[in-house]
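Thanks for asking me to look this one over. Please have the coordinates open as you read my notes.

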Amino acid sequence: MRTVRRLNNHSESRIDYGIILNVMILAIIGLASLYATTVMIENKSILPTLYHALWYCIGAIAILVAIQFDSEQYWKLSTIFYGVGLVLLIAVLFFHDRGLAADTGARSWFRLGPISFQPSEIFKIAYIVFMARIITEHNNEYTNRSIKTDWLLLGKILLFAAPALFLIQRQNDLGTNLVLLAITAGMVLMSGISWKILLPITLIVTIVGGTLIYLAAFQRDFLLSTGLVRPYQIARIDSWFRPFDDTRGDAYQLAQSIKAIGSGQLSGKGFGISQVPVPVRESDFIFTTIGENFGFIGAGVLLFVYFMLIYQMVQTCFETKNEFYTYIATGVITMIMFHILENIGMNIGLLPITGIPLPFVSQGGSALLGNMIGIGLILSMRYHHRSYMFSSQNDSEF
């Protein structure tokens, strides 16, 4: 059995204050944007902003808890995390919030009194930790890499990814499935699988994706008959291709989003000032408030903060020199980057609308909690600054 032997037994309790600072800046931006959207622009109650602040407090506690566990403990708990996550994904199919399902079409939320909770957001973290263990175990069992062992690793990854993708698809949640696919792709790229395998797969995925887009544009009746997509997804593709052709119908949201961001011009109209109504502005389209209120400069500042956060997470990964942690960091960084690119991309019309929130800024407690736990995992790397070596002894420390 492959095991892990600790080379450096001491623990340097170091906090990465750079990461914490950037998360705090994003929290301020998020709360300010939510207040401007709900209270100043839409004349609603301040309660959503207060609830969001409460979720930040819960997320801060989650970070403190996540820091207390080191890589050995995460290794031991990874299978439990994954199993519990799958159970929750199954449970939400039967006990989901009927009201939200009727409004959104997705059976993804539990309802606990006034609080709704999306288990798939927390499952993303469990999935990352478990996949990190799968890849680490394989790479240290097969130190002499070959095409055969790389295919075996890819098979293991797909085997454990498939149940989650299936269950989330049953929830009718395309956005979360896209995030899981992005996480999987990022971890596969970092796993060391040969390009002789990855290149053909990339070409096949590109061809299939292009074919689906073509069918959605020109052969939609056939595509709908296959059951691969639903009518509302076709409508989103239409609005993506031609957002100003039907500004009173399905394309209204995207058209208004582009107008709002464009109207901010260089420096914006000012805090809480808006003349362009945008649906669901407080969650998936919070970037429109930032673009309209603070213009290109404000959007640029937000992107710079994201860049610094990701840069510092990558730097932490290189400093800790722990293979298991490296794959965890890869998953977390890929998750956050995909959220940023997809959310901002759909707000400005470069990508189709998928319902993916902007990390640390959009309203949404379970999404925020998942991101905060991910930050806790990264901070744990520095807090428990150790190096590990894998050996083939029978008694494992993990």
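Here are my comments, point by point.

1. A word on the basis first. This is a predicted model, in which local features need pLDDT of at least 70 and side-chain atom pairs count only at pLDDT 80 or more, while totals for chains, interfaces and linings use all residues. Residues are numbered from 1 along each chain as its sequence is written, and side-chain values use heavy atoms, with hydrogens and water left out.

2. Confidence comes next. The average pLDDT (the predictor's confidence in each residue, from 0 to 100) is 86 for the protein, and 93% of the residues score at least 70. Please treat two stretches separately: pLDDT stays under 50 over residues 1-13, where the model has 50 contacts (heavy atoms within 4.5 Å) beyond four places in sequence. Residues 386-398 also stay under 50, with 58 such contacts.

3. Do look at helix 12, residues 286-320. Helices here are DSSP runs of H or I, at least four residues, numbered from the N terminus. Helix 12 has 35 residues, yet its end C-alpha atoms are only 35 Å apart, short of the 51 Å of a straight helix at 1.5 Å a residue; that expected span is 1.5 Å times one less than the number of residues. At Phe-294 helix 12 bends by about 125°, the bend being the angle between axes fitted to the seven residues ending there and the seven starting there. Just after helix 12, Lys-321 has a positive phi of about 55°.

4. Now the packing. The largest nonpolar core (buried Ala, Val, Leu, Ile, Met, Phe, Trp, Tyr and Cys residues joined through side-chain atoms within 4.5 Å) has 77 residues, and those with the most contacts inside it include Leu-302, Met-313 and Ile-328. Buried means under 20% relative accessible area, exposed over 50%, and partly exposed in between, with a 1.4 Å probe and protein chains only. Leaving out residues up to four places away in sequence, Ile-328 touches Ile-128, Val-129, Ala-132 and Leu-377.

5. Which residues do ring pairs link into a cluster? They are Tyr-82, Phe-123, Tyr-127, Phe-130 and Phe-160. Rings of Phe, Tyr and Trp (its six-membered ring) pair if their centres lie within 6.5 Å; planes under 30 degrees apart count as stacked, over 60 as edge-to-face and the rest as tilted.

6. Finally, Asn-140 sits in helix 5, residues 119-141, and counts as buried at 11% relative accessibility. Asn-140 and Glu-323 are 183 residues apart in sequence but 9.9 Å apart in space, C-alpha to C-alpha.

Note on methods. Helices (H or I, at least four residues) and strands (E, at least two) are DSSP runs, numbered from the N terminus.
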